[in-house]
Amino acid sequence: MKMPRLLLFASGQLNSIGGIQRSYQFLVNYLVNRGWSVDIFGFAEGLPTTPSLKELAYDFESSVSVHIIPSSVDNKDLYSYVVDNVSNENYDVGLVVNSSPKALPFLAYLSNFNIPSVYSMRGSPYFCLYYLWRCRVIFDLPFKVADAVHLLLPSYKNIFDPAEHAKIKTIPSQIEPATSFASPDQPNADGRYKVIYSGRLSFEKQLQYLILAFSSLAEEFSNWDLQIIGNGPLEEKLKKQAQACGFADRIEWMSVDNTEAMYELYPKAHLKVLPSEYEGCPMALREAMAHGLPVIAYDTCSGSNEIIEHDIDGLLATANEPIGGLASAMKSLMNDSKRRVDLGKKGIEKAAQYLPEPINKEWESLLLSAIDRKKKVLNNNSELMQAKYLLGELLKEGAYSSAMLFKKNEELYQSYRQEFLTIYGHDLFDERYYLEKYLDVKESGQDPLLHYISKGWRDGYNPSPLFDNEKYRIRYMKQNESDICPLYHFYTVGAFEGSFPIAVDDRYFERWPGRKPKNEYSIIEDLSVRFESR
């Protein structure tokens with residue numbers, strides 16, 4: 001029997017180590033050894049379009065074909081590049097692994113060439129929506145267009161309507177089995193103990209909290225050190241923070257370029273801490289558990305909080321007090337060698353659930369199910385046709401990564417039409433800010449301005465970082481104006497009586513400095529600009 005041919009559109013830099021890249025190696029080599037034919041299209045900074053397999057971070061079977069998409073291909077040209085460079089050689093199924101809008105041109109290619117498709121989101125959908133997608137309507141497109149969907153953990157289905165669950169399958173990522181194990185109760189040869197972090201040095205990992213928590217414990221636990229393994233955009237900033245904390249000589253920085261090197265470091269550690277805000281299905285956490293290390297993560301961290309059973313195979317620190325909560329959890333284990341051993345042993349049992357063979361079998365089953373579903377689901381399904389049409393329009397405009405489309409409740413709009421048309425298009429309502437600040441609005445798919453004027457302002461939702469509802473109301477509005485939306489009041493009354501917008505006291509522009517207006521807010525410039533209606 002002829003085995004299927006897979007076209008894999010891969011995210012992540014294929015010449016760099018990482019959990020996603022490692023999972024490709026596990027799955028692709030398994031499929032090839034089962035008789036599948038596999039072609040990979042992906043990204044790798046600095047490599048030619050047809051690299052040698054030896055130039056990639058992980059080894060693939062020699063029959064695997066790899067094509068690198070040049071970094072010069074920007075988002076608006078990505079679809080046409082794929083059409084021009086992927087030869088339609090009777091692929092049986094396509095797999096798109098990408099948690100961002102960059103997945104859309106790949107899925108459009110598979111759809112337009114009638115190739116069964118699987119979409120894989122490698123992260124918590126909640127946080128992918130929060131950080132990577134502009135709005136819910138666009139976020140939903142891959143889940144509507146694909147023939148089958150992969151998510152990493154069971155709870156990740158909850159963001160979707162139960163009616164959509166039928167084609168969603170949850171499969172965790174694989175980890176390499178450990179061959180040596182930590183002794184978390186025994187010091188190393190130098191008589192010292194080690195807390196380790198391994199992973200990317202980026203904002204979502206929240207390493208500033210780990211450095212501060214360790215610093216608060218360093219004097220009491222003078223025979224413990226912190227080892228930070230990885231690289232990323234915050235490396236220099238974090239090193240400066242470590243220098244300022246007073247215990248920089250006990251914080252070691254390392255970088256490794258392969259999993260084997262990392263597996264040599266786990267047995268020399270005594271405690272693993274992953275202080276991330278969010279994760280998908282963290283490989284580094286499960287690898288540490290496989291080596292018998294006790295692990296700590298935050299109780300609100302997606303992925304981590306679904307893997308760790310608190311006080312059974314690890315600890316979940318309270319995120320309400322990120323520094324104190326983390327320090328408290330670390331201290332409890334640094335003080336108790338027996339507890340470290342017990343948690344480490346349970347961690348080994350938990351990690352056995354993530355070995356490659358059974359997970360690869362589930363993946364093969366999912367790919368085959370997409371082929372079968374394609375045969376059964378009619379392409380003239382109205383919802384599917386609408387999703388494909390919208391996707392096509394976004395690609396035509398080159399706007400799939402920046403478009404913001406919303407569900408507009410027509411009855412609600414008619415009730416608040418005056419407020420909507422007054423505020424729409426002006427500087428003090430920032431759709432992007434509103435959706436990122438109030439994720440429940442983005443998750444719902446509602447029009448953010450309509451949400452703000454109908455209920456958001458009453459719930460304390462500010463329209464932009466430049467306008468604080470409550471401060472404006474207290475300073476400029478009268479008691480009998482309590483039912484008026486503050487921003488509507490500003491544009492209809494306040495601006496003409498000498499009122500000024502009052503900025504929100506948060507750190508939005510510290511986190512996103514590129515979004516800070518170059519000039520001070522000007523009511524004259526704001527009111528003089530006219531925008532086309534939606």
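This text walks through the confidence, the salt bridges and one buried acidic residue of a predicted model.

Residues are numbered from 1 along each chain as its sequence is written. Local features need pLDDT of at least 70, side-chain atom pairs count only at pLDDT 80 or more, totals for chains, interfaces and linings use all residues, and side-chain values use heavy atoms, with hydrogens and water left out.

Start with confidence. pLDDT is the predictor's confidence in each residue, from 0 to 100. Its mean over the protein chain is 92. A value of 70 or more is reached by 98% of the residues. Residues 530–534 stay under 50. For this stretch the model has 12 contacts (heavy atoms within 4.5 Å) beyond four places in sequence. Where pLDDT is low, the predicted coordinates should not be read in detail.

Next, the salt bridges. The term means a side-chain nitrogen of Lys or Arg within 4 Å of a carboxyl oxygen of Asp or Glu. The count comes to 24. Helices (H or I, at least four residues) and strands (E, at least two) are DSSP runs, numbered from the N terminus. Burial follows relative accessible area: buried is under 20%, exposed over 50%, partly exposed in between (1.4 Å probe, protein chains only).

Asp 39 and Arg 5 form one such bridge, at 2.9 Å from N to O. Asp 39 sits in strand E2 (residues 37–43) and Arg 5 in strand E1 (residues 5–13), so the pair ties together parts 34 residues apart in sequence. Asp 39 is buried, at 9% relative accessibility.

Lys 374 pairs with Asp 147 in a salt bridge, with the closest N and O atoms 3.7 Å apart. Lys 374 belongs to helix H14 (residues 356–376), and Asp 147 to the loop between helix H6 (141–145) and strand E6 (148–151), so this pair ties together parts 227 residues apart in sequence. Lys 374 is buried at 15%. Asp 147 is buried at 8%.

Helix H14 also holds Glu 362, which is linked to Lys 169 in strand E7 (residues 168–170), 193 residues apart. Their salt bridge has its closest N and O atoms 3.8 Å apart. Lys 169 is partly exposed at 28%. Glu 362 is partly exposed at 30%. Elsewhere, Arg 192, Asp 225 and Arg 250 are linked in a salt-bridge network.

Finally, Glu 287, in helix H10 (residues 283–290). Glu 287 is buried yet has no salt bridge. The nearest side chain of opposite charge (Lys and Arg positive, Asp and Glu negative; His and chain ends not counted) is Arg 22, 5.6 Å away. What does the side chain of Glu 287 make a polar contact with? Its partner is the side chain of Tyr 266, at 3.0 Å. A polar contact is a pair of N or O atoms within 3.5 Å; within protein, one must be able to donate a hydrogen and the other to accept it, and residues adjacent in sequence count only if both atoms are side-chain atoms. Leaving aside neighbours within four places in sequence, Glu 287 is in contact with Ile 175, Thr 259, Tyr 263 and Tyr 266.
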